[in-house]
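Biologist: I have just opened this entry and would like to learn how to read it. Could we walk through some features together?

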Amino acid sequence: MSADRLSRRTRTNADRSPVSGADVCIVGAGPAGGLIANRLADSLDVVVLDAGPRFDPDQRLERQERAIRPAYDRPDVWDVGGERDAYSASGEWFYPLNHARVKGVGGSTLHWQGMVMRLHEDDFRSGSARDVGPDWPIAYEDLRPHYAEAERAFGVAGADDNPFGPPREEPFPMPAFRPSYSDSLFADACERLGITMHSVPNARNSESYDGRSACVGYGTCQPVCPSGAKYDATVHVDRAERRGATVIDRAQVQHLEHGPESIEAAVYVTPDGTEHRQPADAFVLACGGVEIPRLLLLSDSEVYPDGLANSSGAVGQYFMDHLFAGAGGILDERTRQNHVGFLTSESHQFYDEADEDVGPFKLEFFNYAGPSPVELALSGDEWGDELLADLRSSYGNHIALGGLVEQLPREDSYVGLDPERTDDHGNPVPDVHWNVGDRALRTIERANEIQHDILDELGAEITWTAGPESTGPAYHHMGTTRMGTDPDESVVDPTLQTHDLDNCWIASSSVFPTGGALNPTLTIGALALRAADFVEAELVG
């Protein structure tokens, strides 16, 4: 490594000038970008560009306070909002994009819940096994070793107790978290109903792992983990820097300069308004399922009049998310002993019953339900002893279940550009045109039926249901640069290289042909590690 490259790593964040001689430019410092940068930094000169800042880890307690204070909304916790993050939502279903978005080094893993399941084998062959949607061009077995590697990289606590999950090749890196108190209540009811519960794989430390402490129980995992026990992508971004990679924060990429067959440079703007041009031999787009298609569409040219890498017309198309199904109520007993801020039990029992009419779904057994003490205190007029008595009688007897449901790819669900609204640099903002489909709504109804059965078996008074008319997204942006073997129907090939460009790879859930009904980050990580192998083979040989 040159002395200039070494010194660059020690400069302050104010130096955001381009790197000369870069082999690989990665756009986005989230989980995919972090893993790829860390993998490639030993053998290649790597530069990572991220639109947001480096958040000071010493400020996480302050951000935790924001998360629990009613004066702040969730986007405020990670400084989301303003012209930089403006968007439109023109679909039949309103999509609140900024509710769960982070721009900054670490990306969405700064505020995620940390659940990391492998997709089921049938998720990769939905068209063949379920008679609906496309098959992936790769199978579970192709991704299986990379799943194991991603679990080791993230640090996953889990147990091999899911009889409905795909086959595994080795134990989880750490033991699973113990079931919560409320899990024990659900367990009795589920046993009587013949429903099998099992543990949830979590990307948080159940014991000291990889230089990070075990979970200490703050209970604010989403949106802030102050202790660092929950994995976030700064772990691998920092390691990549120590290996020689350069990370440039607050570098908003405006467009990609290109010729007919390859990208030549990423053009970005720094906070002082200076425009820079970062050339590289290869480019990896890892900035998520909304910003990746937006960047490609903003990079249109005479060669690519409909957007870069978009000869198929599929860039931005087939936007998918998981939908929420849930129900909850009140028990005549305590349910919330020792608050646990994440899920410890779930059920995939009904997942592979999916067909053309009803999709896959999972059941989640919540460790937290009902209003917090702060919300209770602010909801009435009591003060002093009366308030204390009300809190003692009203807090801790709620119980709830949730679940995620698959949405199929649809031509009328997409991410485009808003021709009338622009961001802080005058670029059209993303327009999320989200439509859902009847199959997903039927699946929510089916999940609600089972959730109600469990609550009825518990003897709970059901007080709310998140059903087809009141569902919302899980903020898992998938499908907008889909993977496939046909260049006329897809954006990237099975190696995640774009069909149109010979030096561009996309590492994101945007490449998912279908979404299944399981949290996508482990699959993102596995695909990123697999793509890194192909990038390295292309550039190093």
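Biologist: Let me start with one cysteine. Is Cys 221 buried or exposed?

Modeller: Happy to help, and do keep in mind that this is a predicted model. Cys 221 counts as buried, because its relative accessibility is 8%, and the cut-off for buried is under 20%.

Biologist: How many disulfides does the structure hold?

Modeller: The general idea comes first: a disulfide is a covalent bond that joins the sulfur atoms of two cysteines. In this structure there are 0 disulfides. Cys 25 is in none, and the nearest cysteine sulfur, that of Cys 504, lies 10 Å away. Cys 25 is also buried, with a relative accessible area of 0%. For Cys 221, the nearest cysteine sulfur belongs to Cys 215 at 5.8 Å, and Cys 221 is in no disulfide either.

Biologist: Now the sheet. In what order do the strands of the open sheet come?

Modeller: In general, the strands of a sheet pair through backbone hydrogen bonds, in a parallel or antiparallel way. Here the open sheet has 5 strands in the order E6-E2-E1-E10-E19, and the pairing is parallel. At the edges are E6 (246–248) and E19 (504–506), each pairing on one side only. From one strand to the next, the twist averages 15 degrees.

Biologist: Which residue in E2 is the bridge partner of Val 27?

Modeller: That partner is Leu 49. E1 (residues 24–27) and E2 (residues 46–49) pair in the parallel sense over 4 bridges. Helix H2 (residues 31–40) lies across E1, E2 and E10 (282–285), and runs at about 165 degrees to E1.

Biologist: At roughly what angle do the axes of H7 and H12 cross?

Modeller: The axes of H7 (residues 181–193) and H12 (residues 438–458) cross at roughly 110 degrees and come within 9 Å. That angle makes H7 roughly perpendicular to H12. Where they meet, H7 contributes residues including Phe 186 and Arg 192, while those from H12 include Asp 453 and Ile 454. By class, this contact has 7 nonpolar, 3 charged and no polar residues.

Biologist: And the backbone in the loops: which peptide bond is cis, with omega near 25 degrees?

Modeller: The one from Gln 222 to Pro 223. Pro 223 sits in the loop between E5 (198–199) and H8 (234–242). Arg 250 has a positive phi of about 50 degrees although it is not a glycine, and its place is in the loop between E6 and E7 (252–258). Tyr 475, also not a glycine, has a positive phi of about 65 degrees; Tyr 475 is in the loop between E18 (461–466) and E19.

Technical notes
Residues are numbered from 1 along each chain as its sequence is written. This is a predicted model: local features need pLDDT of at least 70, side-chain atom pairs count only at pLDDT 80 or more; totals for chains, interfaces and linings use all residues. Side-chain values use heavy atoms; hydrogens and water are left out. Axes are lines fitted to C-alpha atoms, for helices over the stretch in contact, and angles run from 0 to 180 degrees between N-to-C directions. Helices (H or I, at least four residues) and strands (E, at least two) are DSSP runs, numbered from the N terminus. Angles under 35 degrees count as roughly parallel, over 145 as roughly antiparallel, 65 to 115 as roughly perpendicular and the rest as oblique. Contact means heavy atoms within 4.5 Å. Ala, Val, Leu, Ile, Met, Phe, Trp, Tyr, Cys and Pro count as nonpolar, Asp, Glu, Lys and Arg as charged, and the others, Gly among them, as polar. Two strands pair if DSSP finds at least two bridges between them. A disulfide is a pair of cysteine sulfur atoms within 2.5 Å. Buried means under 20% relative accessible area, exposed over 50%, partly exposed in between (1.4 Å probe, protein chains only).
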